[in-house]
Amino acid sequence: MRIDQKILVLLAALALPFAAFGAEGELELDKANVDVSNQASLQRGARNFMNYCSGCHTAKFVRYNRMAADLGISEDQLKANLMFTSDSPHDTIKNGLNPDDAKKWFGTLPPDLSLIARSRKPDYLYTFLRSFYVDPAKSNGTNNLALPGTAMPHVLWELQGLQEAVWEGEMDKAGNAQKHFKEFKLATPGKLKPEEYDAFVRDTVNFLVYIGEPVQLQRQALGWKVIAFLVFFTLLSYALKKEYWKDVK
């Protein structure tokens with residue numbers, strides 16, 4: 001296989017998850033409106049991630065001590081509340097799931113979430129975590145409108161409750177009946193009110209955005225300084241050029 005063919009195959013593979021979603025054409029992504037400068041939100045997101053996500057998912061590019069330093073969490077708080085699968089703050093975030101059990105239960109290994117917010121984007125993650133609905137045809141009893149057929153069960157059902165997808169049908173030009181998503185209907189309330197659950201998900205997605213690039217705030221702050229320097233240097237160079245060439249005719 002030539003190099004250009006390999007590149008096309010790789011691009012096609014990377015596009016598959018997005019193509020699967022786009023082909024549905026049913027769901028408009030909701031705005032996550034995350035803010036990685038909100039440290040309180042990131043702290044809540046870290047709590048959510050470690051309690052509800054780290055049982056199955058890893059974040060192998062994130063070290064506990066780096067996370068604690070960025071989020072203003074003391075080492076004692078870190079060890080007492082966030083470290084469930086490691087003993088050392090220098091470790092990266094691992095899961096507590098046996099790979100063989102994962103394949104048996106889900107049919108696949110749960111993906112590492114270190115870069116998920118960069119690959120799938122915050123709005124998609126926010127929509128995905130709010131789009132589970134009851135589906136008796138699925139082995140785990142739920143499906144997801146953002147990612148139909150997902151192997152992930154609705155692990156947050158106790159918080160959100162169980163919602164049903166309401167569909168409406170119409171005929172296409174060929175006379176075939178098609179159903180389209182209309183809305184979600186809450187069938188069984190959860191521990192959180194809908195607005196509280198949305199806030200819970202937003203904090204969780206905010207944390208995933210942070211771990212995707214822990215230095216992004218520093219990068220942005222440095223970027224403005226670099227731009228300011230370049231503007232100043234450009235003006236200085238222009239003034240110097242005029243001074244050197246003022247007597248040249």
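Here are some notes on a predicted model, going from the overall make-up to two pockets and one helix.

1. **The overall picture.** Start with the parts list: the protein has 10 helices and 6 strands. It runs to 249 residues, and 31% of them are buried. Now look at who touches whom. Take the contacts with a separation of 6 or more: 65% of those are between residues 24 or more positions apart.

2. **The largest pocket.** How much volume does the largest pocket have? The figure comes out at about 730 Å³. There are 31 residues lining this pocket, and if you want to find its centre on screen, H57, P111, L113, F128 and M152 are the closest to it.

3. **Who builds that lining.** Four helices each put at least two residues into the lining of the largest pocket: α2 (39-53), α6 (116-120), α7 (122-128) and α9 (194-212). Of the contributors, α2 gives the most, with 4 residues. As for the kind of residue you'll meet there, the lining splits into 22 nonpolar, 8 polar and 1 charged.

4. **The second largest pocket.** This one holds about 260 Å³ of space. It is lined by 18 residues, and the ones closest to its centre are R130, Q160, Q163, F184 and D198. Both β6 (177-189) and α9 supply at least two lining residues here, with β6 providing the largest share, 4 residues. Sorted by class, you get 7 nonpolar, 5 polar and 6 charged residues. Keep an eye on α9: it also supplies at least two residues to the lining of the largest pocket.

5. **Checking the length of α2.** Here's a sum you can follow yourself. Each residue should add 1.5 Å, so the 15 residues of α2 ought to span 21 Å, and the C-alpha atoms at its ends are 20 Å apart, which agrees. Remember that the expected span is 1.5 Å times one less than the number of residues.

6. **How α2 is packed.** Which residues of α2 are buried? They are S41, L42, G45, A46, N48, F49, M50 and C53. Try looking at how those numbers are spaced, with this in mind: an α-helix has 3.6 residues a turn, so residues three or four places apart point the same way. The cover over the buried residues of α2 includes β1 (59-63), α3 (64-71), β2 (92-93) and α9.

7. **The start of α2.** One last detail to zoom in on: where α2 begins, a side-chain oxygen of N38 comes within 3.3 Å of the backbone nitrogen of A40.

Definitions and conventions. Residues are numbered from 1 along each chain as its sequence is written. This is a predicted model: local features need pLDDT of at least 70, side-chain atom pairs count only at pLDDT 80 or more; totals for chains, interfaces and linings use all residues. Side-chain values use heavy atoms; hydrogens and water are left out. On a 1 Å grid over the protein atoms alone, a cavity is a set of points where a 1.4 Å probe fits but cannot get out, and a pocket is an open set with protein on both sides within 12 Å along at least five of seven lines; lining residues have an atom within 4 Å of a point. Grid points are joined across faces, edges and corners, and a volume is the space filled by probe spheres set on the points. Ala, Val, Leu, Ile, Met, Phe, Trp, Tyr, Cys and Pro count as nonpolar, Asp, Glu, Lys and Arg as charged, and the others, Gly among them, as polar. Buried means under 20% relative accessible area, exposed over 50%, partly exposed in between (1.4 Å probe, protein chains only). Contact means heavy atoms within 4.5 Å. A polar contact is a pair of N or O atoms within 3.5 Å; within protein, one must be able to donate a hydrogen and the other to accept it, and residues adjacent in sequence count only if both atoms are side-chain atoms.
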